[in-house]
There are 2 protein chains.
Amino acid sequence: MAITIKDIANKAGISAASVSRILTNRGRFSEETAHRVRELANEMGYFKNQSAADLSQKSSRVVGVLVPITHTNFADEIIKGMQSKAYELGYELLIAFVETTNQQQIKTVKSLLSRQLLAVVMLAIDIDDTVLAVLKSADVKLLSVSNQLNNDIPSISSDNYAMMHTIVDYLYDHGHRQMALIGSSDPDPIVAILRRRGFIDALTDHGISYNPDFIWGVDMTYQTGLDAIKKFGLPLPFTAVIGSADIISIGLLNGALDAGISVPSNLSIVTVDGTELTQLTRPILTATQQNFAKMGELAISNIANESLSSHSVTFTDITLIPAGTVTTIV
Amino acid sequence: MAITIKDIANKAGISAASVSRILTNRGRFSEETAHRVRELANEMGYFKNQSAADLSQKSSRVVGVLVPITHTNFADEIIKGMQSKAYELGYELLIAFVETTNQQQIKTVKSLLSRQLLAVVMLAIDIDDTVLAVLKSADVKLLSVSNQLNNDIPSISSDNYAMMHTIVDYLYDHGHRQMALIGSSDPDPIVAILRRRGFIDALTDHGISYNPDFIWGVDMTYQTGLDAIKKFGLPLPFTAVIGSADIISIGLLNGALDAGISVPSNLSIVTVDGTELTQLTRPILTATQQNFAKMGELAISNIANESLSSHSVTFTDITLIPAGTVTTIV
DNA sequence: TTGAAAGCGTTACCAA
DNA sequence: TTGGTAACGCTTTCAA
């Protein structure tokens, strides 16, 4: 049997109520007894039973985090940001990986919800409607990070529309007129829609008519990048390509290499995300870097502030980081 | 106020005890009432309050998982394995990322332990002694995966000693006589010790005297790989190099590229781990692949079986996967 | 098959 | 400043 507050109370010759007050730093107590109690707690190897505490208190300071198990490597960066902020503000994170099958998803989500949660943060997830229904039926705040959902769920992400303008402008300034966008042709996700719209509008702004064929690739995978090069064949009908995720861009780069296309002299690549992955290639990928850590921090502080109106969309900054995969065309 | 079993009981005109029995599938009840109760639970949007359940029951089926936040990308694979097994056997996973500062680590671990845990699994962590002390003081089973700890904590990992033999044999068969091992010179971790010993013994078995300089590099980082090539300079004093982690090997590969060394013609590389990262390079990395998913599954089933004697070490299989970074020397 | 009641460890309210 | 007590939601034992 584990040590309880009562055991400490007995040994200290005071009541459990007092021990509770001391250990949680709530209410009034003398520093004298407090000292003794804290010492005893340490000596006796006391661990708070959070289940009991949760049960007794109404509110909780636990934030559930849903992470896709098809692990985008920027999820780590978001979690890091969340964790540091949570630590600072005294919140606790409960992380759950969500699987691909619907049945398992629901089970995972339910088991998460069966802890008394204050909020659930969804990382880069386009969650199934049935799962979303379960989440909504529970009395928790919802928040989507690095993704916007179709629904009235507040979100924190990059301004994907503006990001495309930044990239297209950059490529345009380097003389490129024919550009492709790979990995954002999935019709559903809002992020993909925004990227397509931004891409097309930016081209239009520069007086470039847009070729629908040049928006290609549904999945955010390495294979999509590889396949894109094969699909368009030689000679490539564009001089620059935007990869919608670092892993796609690595696929593009390797696909180009495999096809004997030299990067950047014969093909320029700009990648979206800007994780450490971009440093692993030769040449290093030119990237628009999203501020994932910031997204994570904002997630927690927004939850803490109760500043979550539904429909609210928060953007974090993006930075274009020039590297080795864009050349100037004369 | 959330729905409780009492609410359901009232509506169904039965007692809370019965509802509990039905919803947990324990004890006896009529299928007739059961059906009605389950329906009501659904309709009313009932969520079990796991805190209350944990409090009420003695035992728990929750396994805590400590994941290093400096994210080795194989951690995902282990977690996937754990999750599928946990799902199958009815266990719940509570994942916590552990930070770098000691103070935060302890806080994270304590908050994890304050849930009623059955066991704590440490993924590839060389945990600080003070943190370990906290873990040991709690009444939970401990298990280390993909790492062996100095202490009497059972572990599941690859046979790192044998793995080095496999690699050295493979390189020897391909004509290599001068080999280096990068990223395992940290004196402390048992895994590093085993790899060094395996490396040296395997060389000895082939009658090759081992050069201490050829074991180099403490950190399991990309930079270690890059630096290794710079350190040894041109011409490289060995014909083959073993990277102690995929990310190191990518560093080695890029370092070689940067130095104008062609892989594999002028340098052969074998990597340890064999995650998807190995597919991202050109040429693709020849790897000894560890079975991370299996490690995860075993972790859960060992906990379930109570088959954890301290000092017990379980190995999973490794596979050498030939690819493009090893050449034959004549 | 079902119900009543006690108990899990903690917190909060009210009284001392 | 402290203590007694009820309450949180669920499970379990014993009795009906």
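Start by selecting B:V272, which is buried at a relative accessible area of 0%. This is a predicted model, so keep that in mind as you click around. B:V272 belongs to strand β9 of chain B, residues 268-273. Now show what surrounds this valine: leaving out residues up to four places away in sequence, B:V272 touches a list that includes B:M163, B:M164, B:I167, B:R195 and B:I242. The run B:G243, B:S244, B:A245 and B:D246 is also among the contacts of B:V272, as are B:T288 and B:Q290. Put a distance label on B:T288 while you are there: its C-alpha is 5.1 Å from that of B:V272, although the two residues are 16 apart in sequence.

Next, go to B:T281. This threonine sits in the loop between β9 and β10 (286-290) of chain B. Is B:T281 buried or exposed? Its relative accessibility is 7%, so B:T281 counts as buried, the cut-off being under 20%. Turn on both chains for this one, since B:T281 touches A:N254 as well as B:I250 and B:L253, again not counting residues up to four places away in sequence. The C-alpha atoms of B:T281 and B:L253 are 8.3 Å apart, with their positions 28 residues apart along the chain.

Stay in that loop and pick B:R282 and B:P283. The peptide bond from B:R282 to B:P283 is cis, with omega near -5°. B:P283 lies in the loop between β9 and β10 of chain B. It's worth a look, as most peptide bonds are trans.

Chain A has a cis bond to show you too. Select A:V263 and A:P264: the peptide bond joining them is cis, with omega about 10°. A:P264 is in the loop between α11 and β9 of chain A. A:S262 is in that loop as well, between α11 (246-258) and β9 (268-273). How accessible is A:S262? With a relative accessible area of 30%, A:S262 is partly exposed. Measure across to A:T325 if you like: the C-alpha atoms of A:S262 and A:T325 are separated by 9.9 Å, and the residues are 63 apart along the chain.

Now for some backbone torsions. Pick A:D273, found in strand β9 of chain A. Phi of A:D273 is near 130°, a positive value in a residue other than glycine. A:D273 is also buried, with a relative accessible area of 5%. Then hop to B:S146, in the loop between β4 (141-145) and β5 (155-158) of chain B. B:S146 isn't a glycine either, yet its phi is positive at about 65°. At 13% relative accessibility, B:S146 counts as buried. For context, most residues other than glycine have a negative phi.

Finally, zoom out to chain A and color by domain. The assignment gives domain 1 (5-48), domain 2 (59-157 + 293-317) and domain 3 (160-290). Take the centres of domain 1 and domain 3 of chain A over C-alpha atoms, and they're 61 Å apart. Along the principal axes, the C-alpha atoms of chain A fill a box of roughly 85 × 35 × 35 Å. The radius of gyration of chain A is 25 Å, where a compact globule of 330 residues would have one near 20 Å. Switch to cartoon and you can trace twelve helices and twelve strands in chain A. Buried residues make up 52% of the 330 in chain A. Last, color by charge: the mean positions of the 25 positive and 33 negative charges of chain A are 10 Å apart.

Technical notes. Residues numbered from 1 in each chain as written. Chains lettered and ligands numbered in written order. Predicted model: local features only at pLDDT ≥ 70, side-chain atom pairs only at ≥ 80, totals over all residues. Heavy atoms only, no water. Helix = DSSP H or I, 4+ residues; strand = E, 2+ residues; numbered from the N terminus. Rg over C-alpha atoms; globule rule 2.2 N^0.38 Å. Buried < 20%, exposed > 50% of the residue type's maximum accessible area, 1.4 Å probe, protein only. Lys, Arg positive; Asp, Glu negative; His and termini not counted. Charge placed at Lys NZ, Arg CZ, Asp CG, Glu CD. Domains from an automatic or database assignment. Contact = heavy atoms within 4.5 Å.
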